[in-house]
Structures are given as structure tokens and as C-alpha cells.
Amino acid sequence: MYQINKGINKPIEFKGLKAQYIGYLAGGLVILLIGFAVMYLIGVPVYWCIIIVAGLGSALFYQVFRLSHKYGEHGLMKKAAKHYLPNHLKFSSRRFFLRLKQ
């Protein structure tokens with residue numbers, strides 16, 4: 001007997017995050033880690049580094065989960081794609097529209 005894979009076309013999901021939002025969260029966490037290391041090397045006290053990174057990390061989690069729940073799997077990409085649509089079209093002649101009738 002063959003085993004059936006029932007989740008073959010489902011999007012990747014991790015703890016409520018869908019699709020590209022997992023990558024956004026991972027990228028943000030890497031940036032926070034690098035930021036912590038840079039602040040520590042500059043000489044910022046460790047307690048301040050922890051407080052700053054914890055605050056920014058919680059803001060990152062809040063924002064990414066908010067975007068994930070608001071736009072879903074492909075909604076954020078669709079919203080970004082809308083900026084590339086023109087507001088109006090400009091034609092210099094009527095020839096295009098006259099050819100549509102034929």
C-alpha cells in the first residue's frame with residue numbers, strides 16, 4: 001500500500017507564520033544578532049544591549065505576525081505589485097481603439 005501525502009500543496013507554516021514571513025522573521029533575527037555583537041564590541045554595556053535587542057526583537061515579532069495575519073500568504077506581494085500599476089493610460093491616437101472594433 002502507498003502512503004498518501006496530504007499536505008503536498010499547502011504553504012509552509014510555522015507557529016502561525018505563513019510563507020515568506022518566516023524568512024522575514026529569520027532575517028530580522030539575524031540582523032538583531034549582528035546588532036547585538038556590534039553594540040557589544042563598541043562598548044555599550046551588556047544590560048543596555050540586552051534591553052535594546054529585546055525591545056527591537058519584540059517589535060519585530062509583533063510586526064511580522066501582524067503582517068502575516070493581515071495579508072496572508074500572498075497578500076503582501078500583491079500589495080507591493082499594485083504600486084507598479086499605472087494610474088491611467090495615455091494614447092496619442094485613436095487608432096488602437098478603432099482596431100478593437102474590427
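Which residues does glutamine 20 touch, not counting residues up to four places away in sequence? In this predicted model, the answer is Glu73, Leu76 and Met77, and following those contacts outward is a useful way into the structure as a whole.

It helps to begin with the overall plan. The protein has four helices and two strands, and along the sequence these elements follow the pattern β-β-α-α-α-α. The radius of gyration is 24 Å, well over the 13 Å that the globule rule gives for 102 residues, so the protein is more spread out than a compact globule. The C-alpha atoms fill a box of roughly 75 × 55 × 20 Å along the principal axes, and 16% of the 102 residues count as buried. The accessible surface comes to about 9,300 Å², and 66% of that surface belongs to carbon and sulfur atoms. Among contacts between residues at least 6 apart in sequence, 63% join residues that are at least 24 apart.

With this plan in mind, we can return to glutamine 20, which has its place in helix H1. Glutamine 20 counts as buried because its relative accessibility is 17%, and the cut-off for buried is under 20%. A polar atom of its side chain lies 3.4 Å from the backbone oxygen of glutamate 73, which is one of the residues that glutamine 20 touches.

The helix that holds glutamine 20 has 23 residues, and from its first C-alpha to its last H1 reaches 33 Å, close to the 33 Å expected at 1.5 Å a residue. The buried residues of H1 are Gln20, Tyr21, Leu25, Gly28, Leu32 and Met39, and what covers them includes strand S2 (17-18), H2 and helix H3 (75-82). In an α-helix there are 3.6 residues a turn, so residues three or four places apart point the same way. After H1 comes glycine 43, whose phi is positive, near 120 degrees.

Several of the buried residues of H1 also belong to a wider group, among them Tyr21 and Leu25. This group is the largest nonpolar core, made of 10 residues: Leu17, Tyr21, Leu25, Leu32, Met39, Cys49, Val53, Leu60, Val64 and Leu67. The elements that give two or more residues to this core are helix H1 (20-42) and helix H2 (46-71), and the largest share, five residues, comes from H2. In soluble globular proteins, nonpolar side chains tend to be buried together. One of the core residues, leucine 60, touches Leu25, Gly28, Leu29 and Leu32, if residues up to four places away in sequence are not counted.

Another residue to follow is serine 68, which has its place in helix H2. Is serine 68 buried or exposed? Serine 68 counts as buried, because its relative accessibility is 4%. Leaving aside residues up to four places away in sequence, serine 68 touches Gly16, Leu17, Lys18 and Tyr21, and of these Leu17 and Tyr21 are also members of the core described above. Looking the other way along the chain, the C-alpha atom of serine 68 is separated by 46 Å from that of arginine 95, a residue 27 places apart from it in sequence.

How values were computed. Residues are numbered from 1 along each chain as its sequence is written. This is a predicted model: local features need pLDDT of at least 70, side-chain atom pairs count only at pLDDT 80 or more; totals for chains, interfaces and linings use all residues. Side-chain values use heavy atoms; hydrogens and water are left out. A nonpolar core is a set of buried Ala, Val, Leu, Ile, Met, Phe, Trp, Tyr and Cys residues joined through side-chain atoms within 4.5 Å. Buried means under 20% relative accessible area, exposed over 50%, partly exposed in between (1.4 Å probe, protein chains only). Contact means heavy atoms within 4.5 Å. A polar contact is a pair of N or O atoms within 3.5 Å; within protein, one must be able to donate a hydrogen and the other to accept it, and residues adjacent in sequence count only if both atoms are side-chain atoms. The expected span of a helix is 1.5 Å times one less than its number of residues. The radius of gyration is taken over C-alpha atoms; the globule rule is 2.2 Å times the number of residues to the power 0.38. Accessible areas come from the Shrake-Rupley method with a 1.4 Å probe; for residues, only the protein chains shown count as cover.
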